[in-house]
Amino acid sequence: MTDPNTLSHLDLETPEKPFLDANELVINMGPQHPATHGVLRVILRLDGEKVLGLECVIGYLHRGVEKIGENRTYTMFNPYVDRMDYVAAVSNGLGYCETVEKLLNVEAPPRAQYIRVILTELNRIASHQLWLGTHALDIGAITPLFYTFRDREEILKIFEKYCGARLTTHAFRIGGLQYETYAGFEKDVKNFLAFFRPKIDEYEELLTTNRIWLERTKNVGRISGEDCIALGVTGPVLRASGVKWDLRKAQPYANYKNFDFDIPTGQNGDTYDRYLVRMAEMRQSVRIVEQAIDSIPEGPIIAKIPKVMKPAVGEVYHSIEAPKGELGYFIVSDGSTQPYRVRVRPPSFVNLQALDLMCRGQLVADVIAVIGTLDIVLGEVDR
Amino acid sequence: MAPVATPFFFYLLSGIMLIGGVLVITRKNPVHSALALIVTLLAQASIYLMLYAPFVAGVQIILYAGGIMVLFLFVIMLVSVDRVQRERQFNSQWVVGIIAATALGGLFMAVYTKGKDIFPEHALPMVENDNTQQIAMKLYGQYMFAFEIASLLLLVAIIGAVVMAKKRI
Amino acid sequence: MESMLHITTLHYLVLGAALFLLGVIGVLTRRNVVIVLMSIELILNAVNLNLVAFSRMWGGLHGQVFAIFVITDAAAEAAVGLGILIAFFRNKETVNIDEVNLLKW
Amino acid sequence: MFAYIKSYLSSAQTPGAAGNMFWVLVYILVIFTGLAIAVMLMTWLERKVLAHMQVRLGPMRVGPHGLLQPIADSLKLLLKEDIMPAEADAFVFWIAPFIVVLAAFTVFVVIPFGPTHAITDMNIGILFMLGVSSLSVLGIVMAGWASNSHYPLIGALRSSAQMVSYEVAMGLAVVSAILMTSLNAEGTGTLSMIGIVQAQLAQHEWFIFKFFPLGLIAFFIFAVAMIAETNRAPFDLAEAESELTAGFHTEYSGFRWSLFFLSEYTAMIAVSSIAVTLWLGGWLRPFPNLLSGPTWDRAFSLFPGIAFLFLAAMCFFNTARMPKHPLFRIQTIGLAVFGIVLGLIGLILFIPAVSMRVQDIFWFSAKVGGFMYLYIWYRGTFPRYRFDQLMQMGWKVLLPLGLGVLILTAGVALLQQKLWHP
C-alpha cells in the first residue's frame with residue numbers, strides 16, 4: 001500500500017493551487033458539524049465553493065481500544081470490539097472471535113456458524129439502513145431517515161430478543177455462541193425478511209429515480225478502481241468502482257461458501273453507484289439470511305475451548321467483510337492469557353483516506369455527500 | 001390617492017436622504033456606507049411617490065435597492081473589508097476636492113436664487129392612476145429606440161462585467 | 001415661512017443639488033473604490049430627482065421615462081464598475097483608488 | 001358605531017384607496033395578527049404533517065395533539081438569551097432581522113383578500129410586492145456578513161445569489177401574467193393586485209388556464225422560483241443544515257432568530273399570495289364557468305362554514321379517541337372546547353350575510369393554504385439541490401422558459417386582439 005510508484009499519480013501531498021492565494025478560504029468543518037457523522041474534523045481549503053484540498057483531523061474519539069486489548073484476557077476483550085463500529089457491532093464480534101479461534105486452532109460448530117451468518121447479515125442490513133438514512137439526510141432528503149430507522153428497529157428487536165442488547169450486542173463468544181436461539185427466532189427472522197423486502201423497494205422509490213438525487217450523486221466523488229486499490233479502500237466503495245472483491249467470496253470465512261449470493265458492483269465509482277451497490281447488498285443479505293434460516297443444523301453451539309485461553313506463541317491475521325469493508329484483526333500471542341499485541345484494521349479508517357482524492361475539485365456540498373457515501377463510523381476510525 | 005402632509009414628509013424624507021448621503025461618504029466601513037445608501041434610496045423612492053411617479057418609485061426599489069445594492073454588498077464581501085478600514089480613508093487631494101465641490105455648490109445656489117422666479121408656483125395637475133400605462137406608452141412609442149439602446153447597453157454591461165470578474169474566460 | 005411650507009419644484013431641486021454635492025465630495029475625496037462607486041450612485045440619484053421633479057412641474061412624463069433610463073444606466077455602470085473592481089482587487093489585493101496608477105508614468 | 005361599520009362593509013373601495021385612515025389601521029392590525037397566527041399554525045402544521053409523512057407523531061405533549069406547541073415554542077424563543085458574537089458588527093447584526101421582517105410584512109399592504117379586503121390598492125401593486133420582497137435579500141446579506149463567521153457568510157452569499165437570480169425568472173413569469181390582464185376592450189393592462197383578479201373575473205378565466213399551456217408554464221416557473229425565493233426545500237441551500245449548519249442565521253439566537261423564522265414563513269405566505277392572485281383567481285371561487293348561477297354561488301358560499309364544521313368534527317372525533325385516563329382529562333376537555341369554538345365559528349359562517357362577505361377571504365386563504373401544504377410536501381420528499389445545479393436551473397432552464405412563454409403570450413395576445421377584436 002505504501003508503494004510510491006502506485007501512489008504517485010494521486011499526488012495527495014500538494015493540494016491544487018487556487019488562482020490567487022487571496023481567494024483561498026480555509027474552513028474548519030467539524031468536529032461539531034452536523035454532517036461529519038460524529039467527531040470528524042475536516043479542514044477544507046476552498047476556492048469559492050470549490051474544494052482545493054482537505055485534511056481530516058481524527059482522534060477525537062480515541063479510546064485506545066488496541067492498548068486495552070493488551071491488558072485484558074482474550075475473553076475479556078471481546079465486548080470491547082463492539083464499541084468500535086457500534087453500528088455493526090455483530091460484525092466486529094465475528095471478526096474478533098474468528099481471529100482468536102484461528103489462533104486457538106478451533107472451529108465453531110456448524111449450528112453456531114449458521115446463526116453467526118444470520119446475525120451478521122442482519123447487522124449488515126441494519127448498518128446499511130443507518131447509512132442510507134444519514135446519507136440521504138445529508139443530501140437533504142429527511143424522510144428516508146425515519147423510514148430506515150423504523151425498519152432497523154425490527155432488526156434490533158431480534159438482537160435484543162437474542163442476546164439482550166440492541167446496539168453493542170456482544171452476540172458471539174470465542175468458539176461459538178453463548179446463547180441458544182430463543183423460541184421463535186426463526187419465525188421472527190422470516191417475518192422480518194418478508195416485511196423488509198418491500199421496504200427496500202420503498203426506499204428506492206423515494207430516491208433511485210429522483211431527479212435531484214441523481215443530480216446530487218451522479219459523478220460526485222468519483223474514484224477509480226485502481227485508486228481504490230492503491231489506497232486500500234475496501235467494501236462497497238471498492239465494489240462500486242467496478243472491482244469485484246468481497247472477502248465473503250474471495251476468502252470465505254464462517255461458511256459463507258455454503259450460500260449462494262452475488263457481489264453487486266458498479267461501474268463509475270461515484271456516489272450514486274455506491275448507493276446502488278449498498279441497496280443491492282441489502283437484497284443479497286436478505287437472500288443469504290433466507291438460505292441460512294431454512295437450514296440451521298442441529299448440534300452444539302460452542303466448540304470445546306479451554307476455560308483459560310493460552311494460545312500458543314504466534315501471530316495471526318484474519319479479516320472479514322464488514323458492512324463497511326475489510327475488517328481485519330492482527331493478534332500476536334506470547335503464550336500468556338493476554339494478547340501481546342492487538343491491531344485492528346478498520347475499514348472506515350482506511351476508506352477515509354480516499355476523502356481528499358474524492359473531494360478534489362468538487363463543491364462543499366459534495367464533500368458532505370462524499371463523507372456520507374464513505375459510510376464512516378468515527379468510533380472505528382479513532383478506536 | 002393624493003399625498004398627505006406634503007411639507008412634513010418632504011422635510012422628513014429629505015432629512016433622511018441627506019443624513020444618509022453624508023453617512024455614505026464618511027463611513028469607514030463600506031457595508032455601513034451601503035446601508036446608508038439603501039436608506040437614502042428608499043427615502044428617495046418615497047419622494048418619487050410624492051411627485052406622482054409611482055412607477056419610477058417601484059423601479060427604484062426593485063432595481064436600486066433590491067438589485068444594485070445587493071451587487072454592491074456582494075462585492076464588498078468578496079473584497080476584504082478589514083484591511084481597508086484600518087488604512088487612510090481620504091486621498092491626498094481631499095482639500096482640493098472639497099473646495100471644488102463647494103464651488104460647484106455655490107454655483108448651484110447662485111443659479112437657483114437668481115432664477116427661482118422661472119419656476120411656476122403650482123405644478124400642473126397629473127393623474128396618478130394610469131401613470132404606468134402612460135409610461136409604457138412613452139417607453140414603447142416615442143422612446144422605443146432609446147429603450148432598445150438601453151437594453152443593448154445592459155447586454156454590453158453584462159458581458160463586460162463577466163469578462164472583468166471572471167478568472168479565466 | 002410660507003415658502004418653507006409650500007413645497008415647490010425648487011425645494012426638490014435644492015435637495016437634488018445637495019445630494020449631487022455629497023456625491024461629488026465622495027468621488028473626489030474617498031480612497032475606497034466601493035465608496036466612490038456608491039457616490040456615483042448618489043450623483044445619478046440626484047439627477048433622477050431633478051428629472052422627476054421637472055416632470056412633475058410640467059405635468060408630463062418625459063422626465064420619468066428619462067429617470068428610468070438613468071436607472072438602467074446606473075445598473076450597467078455598477079455592474080461594469082464592480083467587475084473592474086473585482087479584477088483590480090484580484091491583481092493588487094487592495095481597493096484603494098490611489099493605487100490604480102499603472103498608467104501614471 | 002354599527003352604522004359606521006355597516007357603511008364601511010358595503011363600500012366598494014379598499015380603505016387605503018378611500019383614504020379612511022381608521023379602517024386602514026384596523027386592517028393593518030387584523031392582517032398582521034392574522035399573519036402571526038397563521039405563522040404559528042403553519043409551524044404546528046409543518047411539524048405535524050411532516051411527522052405523519054415520516055411515520056412519527058410529531059408534537060403531542062403541549063396541548064391536545066401538540067396544538068399549543070407554537071405558543072410554547074415562541075415563549076421559549078422569547079425567553080432565550082440573546083447572544084451576539086463578540087466580533088460581530090453590532091449595529092448591522094442588530095438591524096438585519098428587522099429589515100427581513102419589515103420586508104416580509106410590508107408586502108401584505110397590497111395583497112387583496114377580497115375585492116375590498118386589502119389595506120390599499122396600489123397602481124403599481126405587483127411591482128411594489130416584488131420590490132419590497134426583494135429587499136429581504138439585503139437583510140440576509142447583512143445578517144451573514146455581520147455575524148463575522150464563515151458559515152453565515154457563505155450562507156448569506158448563497159441565499160442572496162439564489163434570490164437575485166430567481167427573481168429574474170419570477171419577474172418574467174409575472175410579466176406574462178400581467179400581459180394577460182390587457183386582453184380587454186381598451187387594451188390596457190394593470191399592475192394593481194385587485195385589478196389583476198378583476199381582469200380574471202372579467203375574462204371568466206383564471207390565468208393558469210389562459211392560453212393553455214402558456215399560463216400553466218408561467219405558473220410553473222413562478223411556483224419553482226417562489227420556493228427558491230423563500231429558501232425552502234429543495235432549494236434550502238442557504239440553511240442547508242448538513243453543509244452550513246444553519247446558513248446566515250447560524251449566529252442568531254432567541255428573539256432575533258425567531259424574527260428570521262417569522263419572516264421566512266411570512267414570505268412563504270406572501271409569495272403564495274402572489275401566485276394565487278396572479279394565476280389562481282385570488283379570492284374568486286372555483287368553477288365560475290362550469291357551475292355558475294346564483295344557486296351555485298349560494299352553495300359555494302357555504303364552504304367556509306363547512307370547512308370549520310369539518311375541523312370541529314375532527315376535533316370531536318379525536319376527543320372521543322383520547323385515552324380515557326385522568327392524566328388526559330385536561331387535554332380532552334381542551335380539545336372538545338376547541339372543537340366547540342370551531343363549530344360555533346362554522347355555524348356563524350352559515351349566516352348568509354356573513355358568508356357572502358367572508359367567502360372571498362376563505363377562498364383566498366384556502367388557496368394559499370394549498371400552497372403551504374405543497375411547501376411541506378416538498379420538504380418531506382425532495383433531497384436538496386447543489387448550488388451550481390440550482391443556478392443552472394435558474395439561468396438555463398427557468399429563464400429561457402420564462403422568456404419563451406413571455407414572447408409566446410405576447411404573440412398570442414396580439415393575434416387575439418387583432419383577429420377577434422379588430
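Visitor: Which residues does Met69(B) touch, not counting those up to four places away in sequence?

Guide: Keep in mind that this is a predicted model. Met69(B) touches Ala34(B), Leu37(B), Ile38(B) and Tyr64(B), and also Leu138(D) from another chain. To count as a contact, two C-beta atoms have to lie within 7 Å.

Visitor: What makes Met69(B) stand out in the largest nonpolar core?

Guide: That core holds 312 residues, and Met69(B), Phe72(B) and Ala225(D) are the ones that touch the most other members. As for who supplies this core, helix H7 (residues 150-181) of chain D gives the most, with 17 residues. There's another core apart from it, of seven residues, including Ala312(D), Leu335(D), Phe338(D) and Leu349(D).

Visitor: Why is Ala36(B) called buried?

Guide: You need 20 or more other C-beta atoms within 10 Å to be buried. Ala36(B) has 21, so it makes the cut. This residue is found in helix H2 of chain B, and it touches Gly20(B), Leu23(B), Val24(B) and Arg27(B), leaving aside residues up to four places away in sequence.

Visitor: How far is the C-alpha atom of Ala36(B) from that of Ile16(B)?

Guide: They're separated by 9.4 Å, with their positions 20 residues apart along the chain.

Visitor: Tyr52(B) and Val55(D) have both caught my eye. What is the phi of each?

Guide: Tyr52(B) has a phi near 60°, a positive value in a residue other than glycine. For Val55(D), also not a glycine, phi is positive and near 45°.

Visitor: And where do they sit, and is each one buried or exposed?

Guide: Tyr52(B) is in the loop between H2 and H3 of chain B. It has 22 C-beta neighbours inside 10 Å, and the threshold is 20 or more, so Tyr52(B) counts as buried. Val55(D) is in the loop between helix H3 (21-53) and helix H4 (69-79) of chain D. With 12 other C-beta atoms within 10 Å, Val55(D) meets the limit of 12 or fewer and is therefore exposed.

Visitor: How do you know that the length of helix H14 of chain D fits its residue count?

Guide: Take its 20 residues, 329-348: at 1.5 Å a residue they should span 28 Å. The end C-alpha atoms of H14(D) are 29 Å apart, so the two values agree.

Visitor: Which residues of H14(D) are buried, and why do we say they share a side?

Guide: The buried ones are Gln331(D), Leu335(D), Phe338(D), Gly339(D) and Leu342(D). They cover an arc of only 100° around the axis, so they're on the same side of H14(D). Here's the general background: an α-helix has 3.6 residues a turn, so residues three or four places apart point the same way.

Visitor: What do those buried residues pack against, and what is on the face turned away?

Guide: They pack against helix H13 (303-321) of chain D. The face of H14(D) turned away from the buried side carries exposed residues: Arg329(D), Ile330(D) and Leu344(D).

Visitor: Why is helix H9 of chain D described as largely enclosed?

Guide: Because 13 of its 16 residues are buried, H9(D) is largely enclosed by the rest of the structure. Its length checks out too: residues 214-229 should span 22 Å, and the end C-alpha atoms are 22 Å apart. Just after H9(D), Asn231(D) takes a positive phi of about 55°.

Visitor: Which pair of chains has the most contacts?

Guide: Chains B and C, among the five pairs that touch. In that pair, 73 residues of chain B are in contact with 63 residues of chain C. H3(B) gives the most to the chain B side, with 13 residues. By class, that side has 55 nonpolar, 13 polar and five charged residues.

Visitor: How do chains C and D compare with that contact rule?

Guide: No contact joins chain C and chain D, and their closest C-alpha atoms lie 14 Å apart.

Visitor: What makes up the two domains of chain A, and how many residues join them?

Guide: The domain assignment gives domain 1 (4-57) and domain 2 (65-382) of chain A. Between them, 20 residues of domain 1 are in contact with 19 residues of domain 2. On the domain 1 side, the largest share, five residues, comes from E3(A). The C-alpha centres of these two domains of chain A lie 28 Å apart.

Note on methods:
Residues are numbered from 1 along each chain as its sequence is written. Chains are lettered from A and ligands numbered from 1 in the order in which they are written. This is a predicted model: local features need pLDDT of at least 70, side-chain atom pairs count only at pLDDT 80 or more; totals for chains, interfaces and linings use all residues. Domain bounds come from an automatic or database domain assignment. Helices (H or I, at least four residues) and strands (E, at least two) are DSSP runs, numbered from the N terminus. The expected span of a helix is 1.5 Å times one less than its number of residues. The arc is that of the directions from the helix axis to the C-beta atoms. Ala, Val, Leu, Ile, Met, Phe, Trp, Tyr, Cys and Pro count as nonpolar, Asp, Glu, Lys and Arg as charged, and the others, Gly among them, as polar. A nonpolar core is a set of buried Ala, Val, Leu, Ile, Met, Phe, Trp, Tyr and Cys residues joined through C-beta atoms within 7 Å.
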